[in-house]
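Visitor: I would like a close look at one part of this model, please. Could you take me through the second chain, with a glance at its partner for context?

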Amino acid sequence: MSLFGITLGIAFFVITQAQTSGFEAFFIRTILGTNGAIRISDSFQDMHGTVRSSSKEGKTRFFFHSREGARYTEGIENTELLRNALLHFPEISGISEVLEGNAILNGGSRSQTIQMHGIVLDDHIMVSDVENQIIQGSLSAFESDSMTILLGNRIAQRLMLKLGDRVTIEGGTGNLQLRIAGLFETGVSQIDKNRAYVHLSTSKAFLGKRFSGSIFQLSMFEPEKAPEISAQIQETTGHRVVSWQEREQVWLDVFKALRISSAITVSSILLLSGLGIFNVFAIMVMEKTRDIAILRSMGFKPSDISAVFLWQGAIILVIGIFLGSCVGILSTYGISKIPLRIRGIFSTESFVVNWDLSHYLWAILIAVLFVSIASWIPARRAAKIEPAKIIRETV
Amino acid sequence: METKDLAKPLIRISNLEHSFTEGEGTIHALRGVSFDALAGEVTAVVGPSGCGKSTLLYLMGLLDRPDSGEIHLEEDSVALANDEIRTNLRNTKIGFVFQFHFLIKELTVCENVALPLRKSGVPEKQALRKAKDVLCRLGLDDKCDRLANKLSGGEQQRVAIARALVHSPALLLADEPTGNLDTANSEKVFQLLIQFAREEKIAVILVTHNSEIADNCDHIISMKDGQIINR
């Protein structure tokens, strides 16, 4: 029964960790593939502004005083200079200039507000997963014609648009007629129903921001290092830099909480198995007190006696670890094949699992801890049996 | 082969005192007990219940420590030796037989007998062979592979003797070994102890209530209230 508990505990631990960390890893992959590892926006600007309110004749007026000549610049002012500076960071694997702006997309019969992203496709491929997110059309069709647009699939669904349709972008400096070159799906519903990609030059002209307003989206060789690199870039360039960890902290905290709570829940199975082992061994020590006393009279040391119980615990542990790991591997594989359609924060058609050795090591560590304690206490009690006292009482 | 100096006492007890607490009172189990036992001789310890016979046996068997006094085993002072030395001596030089056989019921007869040898590091095959030899001398060779609890009372006690003798101890301590047996089996067990004491030059110290058995021993020590009253 205890062996069954250890097996089940280890298997469940591995399965739940594989699932929660699988979804987390998939979410991270998705957000890195859509918004990159690091985003750099405007520089820190010294406005020295003051706000004053005054009331005359019952009306409240607000006055904003800024330093004489001070001007707020939106986005990155000198993109080439900053790009050159970023090239000195070996951790950065790609830099894409993105000009973001709102516009109204008119599909003929219906229209909606979209968030337009002006990009240079080759650069953006380096910092996103846009290549794999295309579900209709092609990137080459987009690249070859600057008057084309890539639409999020939810926008196309809502406006009943299809590949090759012509749409009008309104707002900014005027209207633009663009042809739909492709539809993309990131799985993040907020992006799929709002975002559209156009050529950077087109968006600059449309939004009237030829020399500023852009941001940089960066990719990294090791995205986990984004917070440190972000801090370094912010320190050296004076721009606002946000890492993906900072940007998605809420979701990452949710995944972390899920992972920890499932680990705690499943560990209780191992704890109960440990208690089972403890009970069995404690009863065994009581039942075998006389035999232990006889063994001690024959010259068996206290350590020999405790070794009997520790070995039994170790055997249960080793078999439990082996069986639990096997069941964990097979179940994780089986679960990864279960169909499950998820859209919202990422897009998947089946359960997402993460194969990570650390899940097995943690399960084993917890099992070792509980079984060791459960075996050690009765073993210690057995080793302390005084043979003369027990034999005298038995006789 | 080690030769034993039969003239020198194998075990010498000097002025042994021992007490233990029971409830709120202290029981003085032994009050200055002294005697010697020679190799190859059987000494009977007799006396009424509670006079300290078994306590004396457990102290000689190094299962307990005296409050004062000295125990010399083959001229080595062992009364206050550390646990490791005492444990090793129990495994190599001392054999125990109790009133109840105290065999481990999950093991076969042969495995039970081989236990002291296995403890001292003798390989399993060799230990089982030696155990079988001893069982053969006790007329139990056909019972080797049986579980210990499948034997009769007399057979179980003979197996317990085999277990006490398998490692060729210098001292055999027997606490009422016939106390739980019928007359025929008592006689058989006692004769075996005499035989092994003579053949193996083992000092046998035997606690008994049976006066016939005591009368056939080489020496009788009578105890009362924790003291030797007659020798």
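Guide: Happily; here is a walk through chain B, followed by a shorter look at chain A.

A word on conventions comes first. This is a predicted model, in which local features need pLDDT of at least 70 and side-chain atom pairs count only at pLDDT 80 or more, while totals for chains, interfaces and linings use all residues. Residues are numbered from 1 along each chain as its sequence is written, chains are lettered from A and ligands numbered from 1 in the order in which they are written, and side-chain values use heavy atoms, with hydrogens and water left out.

Let us begin with the overall form of chain B. Its C-alpha atoms fill a box of roughly 45 × 40 × 35 Å along the principal axes. The radius of gyration of chain B is 17 Å, which agrees with the value near 17 Å for a compact globule of 231 residues. That radius is taken over C-alpha atoms, and the globule rule is 2.2 Å times the number of residues to the power 0.38. Chain B holds seven helices and ten strands; these are DSSP runs numbered from the N terminus, with helices being H or I of at least four residues and strands E of at least two.

Of the 231 residues in chain B, 52% are buried. Here buried means under 20% relative accessible area, exposed means over 50%, and partly exposed lies in between, with a 1.4 Å probe and protein chains only. Among contacts in chain B with a separation of 6 or more, 71% join residues 24 or more positions apart, a contact being heavy atoms within 4.5 Å. The accessible surface of chain B is about 10,500 Å², and 45% of it belongs to carbon and sulfur atoms. Such areas come from the Shrake-Rupley method with a 1.4 Å probe; for residues, only the protein chains shown count as cover.

Chain B carries 27 positive and 33 negative side chains, and the centres of the two sets lie 5 Å apart. Lys and Arg count as positive and Asp and Glu as negative, with His and the chain ends not counted. Each charge is placed at NZ of Lys, CZ of Arg, CG of Asp or CD of Glu.

Now to the domains. Chain B is assigned domain 1 (8-93 + 170-231) and domain 2 (97-168). Between these two domains, the contact takes 23 residues from domain 1 of chain B and 18 residues from domain 2 of chain B. Their C-alpha centres lie 22 Å apart. The bounds come from an automatic or database domain assignment.

For a residue in a strand, try Ala37(B), found in strand 2 (residues 25-38) of chain B. Ala37(B) has a relative accessible area of 2%, so it counts as buried. Setting aside residues up to four places away in sequence, Ala37(B) touches Pro9(B), Leu10(B), Ile11(B), Thr43(B) and Ile205(B).

For a residue in a helix, turn to Leu115(B), in helix 3 (residues 109-119) of chain B. Leu115(B) counts as buried because its relative accessibility is 12%. Apart from neighbours within four places in sequence, Leu115(B) is in contact with Leu295(A), Met298(A) and Phe300(A) from chain A, and with Ile104(B) and Leu107(B) from chain B. Leu115(B) and Asn91(B) are 24 residues apart in sequence and 9.9 Å apart in space, C-alpha to C-alpha.

Two loop residues deserve a stop as well. Ser168(B) lies between helix 5 (153-165) and strand 7 (171-175) of chain B, and its phi is near 50 degrees, a positive value in a residue other than glycine. Ser168(B) is partly exposed, at 43% relative accessibility. Lys201(B) sits in the loop between helix 6 (183-200) and strand 8 (203-207) of chain B. Phi of Lys201(B) is near 55 degrees, again positive in a residue other than glycine, and Lys201(B) is partly exposed with a relative accessible area of 34%.

Finally, the partner. Chain A has 15 helices and 14 strands, and is divided into domain 1 (2-28 + 251-394) and domain 2 (72-237). The centres of those two domains of chain A, taken over C-alpha atoms, are separated by 50 Å. Chain A has a radius of gyration of 32 Å, whereas a compact globule of 395 residues would have one near 21 Å.
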